[in-house]
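Here are some short exercises on how a protein meets DNA. Have your viewer ready and try each task before reading its solution.

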Number of protein chains: 2
Amino acid sequence: MTSVLVCDDSPLAREALRRAVATVPGVERVTTAANGEEVLRRWGADRSDLVLMDVRMPGLGGVETVRRLLSADPGARIIMLTVAEDLDGVALAVAAGARGYLHKDASRAELRATVTQALADPTWRLAPRRLRSAEMGAAPTLTAREIQVLEGMSHGRSNAEIGRELFLSEDTVKTHARRLFKKLGASDRAHAVALGFRWGLVR
Amino acid sequence: MTSVLVCDDSPLAREALRRAVATVPGVERVTTAANGEEVLRRWGADRSDLVLMDVRMPGLGGVETVRRLLSADPGARIIMLTVAEDLDGVALAVAAGARGYLHKDASRAELRATVTQALADPTWRLAPRRLRSAEMGAAPTLTAREIQVLEGMSHGRSNAEIGRELFLSEDTVKTHARRLFKKLGASDRAHAVALGFRWGLVR
DNA sequence: ACGACGGTCACCCAAAAGAGTTACGGGCTA
DNA sequence: TAGCCCGTAACTCTTTTGGGTGACCGTCGT
């Protein structure tokens, strides 16, 4: 009897989570709790295989609940739920023994994948997936020259300056620039530099 | 001989951190490394009492470096440095054994307090303080508007487009642009975007 | 051997950017 | 209250950019 406990103080979020978790293959029962106290109170009589818990809750916070739950039952598997960059909460919860965390704005698929994983592997720890939206995976390939030009741009040099530096004519630099814009899908040099940073092509 | 090792791939941040840490009472030596490999390579011959390490680094990431460093020397004390909502990194690093973390935009006082605490108490763990004030070292302070304009630039928008987006005239956007260039020491928008990334002002 | 690609360069042209300057109102602070 | 910074805006003037296009020469792989 595989059961999951969802704990969140917001009824909307709780319900949404309950429904999402219920669609995970293998999950036969999903119970909910509105706060940490409720989780602890019921844990003795009714344990679940996995707990999804909001980091930020009124009363006992998520972190304190993790601590108490684990001291009562060291085998409890807990995944924290978090909105935004709740660094403190997540870090503390993980330090306290939570297995991982999920962004609340993670996709349903994301949530299900993580829950599936956590249920399948009792030793599972921290496989926090953050959706990299669309295009991640197709890293644009710039030539060495193009990278040099992009780097020049990132150092605030004009095309003419880059040309002097690389012993090229300004026109050639412009050609490289145009080509790398195309490859990166950049609309101008500032955009190209930003994309370069985001892709890890320059620093 | 109390020594601290600062590891960050960004020369700007590294230098700023080095200077800030050097002002902590009791710290006699501050060494720096540009990447995880360097830290590990030097650790055998030259250990420090505390390591400040960027979460996000090329090559061995901060997290992997933490793992390896701790498996080599379980007593190593490490504090992660992070920009923005680097949830994955921080959570992983803490799970791997880092003692805590610091936002890169924490104030200098913040940084010093945490380093002092970590050095004073070998058992210290996770006292992540988040302060707003900013200006670590020479970190330029941009106004909200200026950041918005910089972000617009990083998305490849023209001044006119940014203006439309923010309900400003193009001329006003240009004014903000000129001012933020001055603050960042940028020679053009591409340079400004690069510096924004290097300082962690945009992503 | 042909084609694709990369590196080099040139020319034209419209649009954008950047520098300099001025200005006004609001808010905070010394 | 005077000063300073911020946000807003406009104006001028010069420089730079970016797009389009065409071209020549290697190298590589098919």
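The exercises below take the two DNA strands in turn, and the model they use is a predicted one.

**Exercise 1.** Find which residues come nearest to DNA strand D, and which helix supplies the largest share of the surface there.

*Solution.* Start by selecting the residues with a heavy atom within 4 Å of the strand. For DNA strand D there are 17 of them, and the nearest are A:K174, A:R189, B:T143, B:R145 and B:S169. Next, sort by helix: α8 (170–184) of chain A and α8 (170–184) of chain B each give at least two residues, and α8(B) has the largest share with 6 residues. Finally, sort by character: 2 are nonpolar, 7 polar and 8 charged.

**Exercise 2.** Work out which parts of DNA strand D the polar atoms of A:N159, A:R178 and B:H176 approach.

*Solution.* Take the phosphates to begin with. A backbone N or O atom of A:N159 sits 3.2 Å from a phosphate oxygen, and a polar side-chain atom of B:H176 is 3.0 Å from a phosphate oxygen. Now turn to the bases, where a polar side-chain atom of A:R178 lies 3.2 Å from a base oxygen.

**Exercise 3.** Repeat the analysis for DNA strand C: what share of its atoms within 4 Å of the protein belongs to sugar or phosphate?

*Solution.* Counting those atoms gives 52% for sugar or phosphate, with the rest in bases. For phosphate, look at the backbone: A:S169 places an N or O atom 2.9 Å from a phosphate oxygen, and B:N159 has a polar backbone atom at 3.1 Å from one. For a base, a polar side-chain atom of A:R179 is 3.2 Å from a base nitrogen.

Technical notes
Residues are numbered from 1 along each chain as its sequence is written. Chains are lettered from A and ligands numbered from 1 in the order in which they are written. This is a predicted model: local features need pLDDT of at least 70, side-chain atom pairs count only at pLDDT 80 or more; totals for chains, interfaces and linings use all residues. Side-chain values use heavy atoms; hydrogens and water are left out. A polar contact is a pair of N or O atoms within 3.5 Å; within protein, one must be able to donate a hydrogen and the other to accept it, and residues adjacent in sequence count only if both atoms are side-chain atoms. Helices (H or I, at least four residues) and strands (E, at least two) are DSSP runs, numbered from the N terminus. Ala, Val, Leu, Ile, Met, Phe, Trp, Tyr, Cys and Pro count as nonpolar, Asp, Glu, Lys and Arg as charged, and the others, Gly among them, as polar.
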